[in-house]
Amino acid sequence: MAFVQNFTIAQTLGNPGIINLTDTSTGVDAAIVGRKVYLITNASTYLVPTGTTTSYITWLIGNASIAIDALKKDQSLNIRVDWTDAGGVALYSKTILSNFEMYNSDFNYQLVNDEANGLASLNSPNWLMSRMKLYVALRDATVSVTDMSSITNGQSANDRGTSLRLNLNNFY
Amino acid sequence: MPTVQEIHTIAPIAIVLASNDVSNGTLFGARPNPNLPIQLELIRYAVDYRYNLEGIAGGATPSASLTLTSNYFYSWMGSYGSKAYHLYVTGGIIPNPSSPTIVYGLPITDVYTALVDGEFTLPINLPIGAKVIFAQKGAAILLSSQYVYNSPNLILLGGIIMSATEDLTYEYVVPI
């Protein structure tokens, strides 16, 4: 049966910095001995975990899945997996554009949680506009990536949300 | 109090109900909080994220945090939440497709001027299926029991008669 490359992507509940990849390829190719994962940003740079000296992450062929701790903020990424031969040459490759927005989504949920606990002021004049800005940034990021396949717009929206999250005292 | 799953289900219904009510405020007086549908959507989006993250639709038990925020969200819905819950529990009203409801267009107003004294059978020929919904003889508004439309005449009942040159203003609707 011919080899058909594929993989799935998920973020980790409670730890938004970790991306989980699972190999869902079908078929067999005896020449495949390794995998490389590239996390490509909107600026065409490569994102890697701290301490990694290459532009890619090695994904051992014996492991069906891999957890990559590389995200410091929400990002739109092209994730490319290469299935390689003994010489490290890519025999098969697949790229999936994905948006990782768990940092900002968690923050958005935490705002509601704080309100429910009476920790936030609903009387703030900024409430509606600031919440709306975050909502639009989140929706914008998702739609840009999933519907429009635009990594540039997705990252721009992610960065707007991140700015709100990191400067919460100015907005909430 | 509805469950977390029920609150998740009725949320979009409550938002539509609130939005419709705010729209009515344009005609019948502004609502105290015209931003409510937007505020509900902002909270819904956040709670919905957590709902999906915890896999509640797949049968997982909601966390204490999700239960808290869902109840908080339900309190924001106010009466719209209660109405939405009622619609959800009763299933709302499902029209029977075998006997569809007749839909009428906007009311049309016209005037008939009596030619002679004593007229009570007024030759007003309306389109097929038309329904007279309002009649006013001179300055007096007639009750619906005081007239009947029997094509091609509008008949005044109960001894009501027109005087010569008197106007009868009427409104009718036509099926669309």
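In the predicted model described here, strands S5(B) and S6(B) pair in the antiparallel sense over 4 bridges, two strands being counted as paired if DSSP finds at least two bridges between them. Helices (H or I, at least four residues) and strands (E, at least two) are DSSP runs, numbered from the N terminus. Residues are numbered from 1 along each chain as its sequence is written, and chains are lettered from A and ligands numbered from 1 in the order in which they are written. Because the model is predicted, local features need pLDDT of at least 70 and side-chain atom pairs count only at pLDDT 80 or more, while totals for chains, interfaces and linings use all residues; side-chain values use heavy atoms, with hydrogens and water left out.

The strands S5(B) and S6(B) form a hairpin with 2 residues between them. Within this pair, B:Tyr149 has B:Leu154 of S6(B) as its bridge partner. Strand S5 of chain B, residues 147-150, has a covered face made of B:Tyr147 and B:Tyr149 and an uncovered face made of B:Val148 and B:Asn150. The hairpin belongs to an open sheet of 3 strands in chain B, with the order S2-S6-S5 and antiparallel pairing. Its edge strands are S2 (121-122) and S5 of chain B, each of which pairs on one side only. Between S2(B) and S6(B) there are 2 bridges, in the antiparallel sense, and B:Thr121 stands opposite B:Ile155 in S6(B).

The loop between strand S6 (153-156) and strand S7 (167-173) of chain B contains B:Glu166. This residue counts as buried because its relative accessibility is 18%, where buried means under 20% relative accessible area, exposed over 50%, and partly exposed in between (1.4 Å probe, protein chains only). Apart from neighbours within four places in sequence, B:Glu166 is in contact with B:Tyr112, B:Thr113, B:Ala114, B:Lys137, B:Gly138 and B:Ile161, contact meaning heavy atoms within 4.5 Å. B:Thr113 is 53 residues away from B:Glu166 in sequence, yet the C-alpha to C-alpha separation is 5.6 Å. The side chains of B:Glu166 and B:Lys137 are joined by a polar contact of 3.2 Å. A polar contact is a pair of N or O atoms within 3.5 Å; within protein, one must be able to donate a hydrogen and the other to accept it, and residues adjacent in sequence count only if both atoms are side-chain atoms.

A second buried acidic residue, B:Asp48, has a relative accessible area of 18% and lies in helix H2 of chain B. Its side chain makes a polar contact of 3.2 Å with the side chain of B:His8.

Helix H3 of chain B (residues 64-77) has 14 residues and reaches 20 Å from its first C-alpha to its last, close to the 20 Å expected at 1.5 Å a residue; the expected span is 1.5 Å times one less than the number of residues. The buried residues of H3(B) are B:Leu66, B:Thr69, B:Ser70, B:Tyr72, B:Phe73, B:Tyr74, B:Trp76 and B:Met77. They pack against elements of both chains: helices H1 (102-116) and H2 (127-146) of chain A, and helices H1 (4-28), H2 (36-53) and H4 (79-90) of chain B. Just after H3(B), B:Gly78 takes a positive phi of about 60°.

Chain A has 4 helices and 8 strands, and along the sequence it follows the pattern β-β-β-β-β-β-β-β-α-α-α-α. The C-alpha trace of chain A spans about 65 × 30 × 30 Å along its principal axes. Of its 172 residues, 40% count as buried. Among contacts in chain A between residues at least 6 apart in sequence, 62% join residues at least 24 apart.

Chain A also holds an open sheet of 3 strands, ordered S1-S2-S6, with antiparallel pairing. Strands S1 (7-12) and S6 (65-69) are its edges, each pairing on one side only. Strand S2 (residues 15-23) of chain A is joined to S6(A) by 5 bridges, and A:Asn20 stands opposite A:Ala67 in S6(A). Elsewhere in chain A, 10 bridges join strand S7 (residues 75-84) to strand S8 (residues 90-100), which run antiparallel. A:Val81 stands opposite A:Lys94 in S8(A). S7(A) and S8(A) form a hairpin with 5 residues between them, and A:Gly88 in the turn has a positive phi of about 80°.
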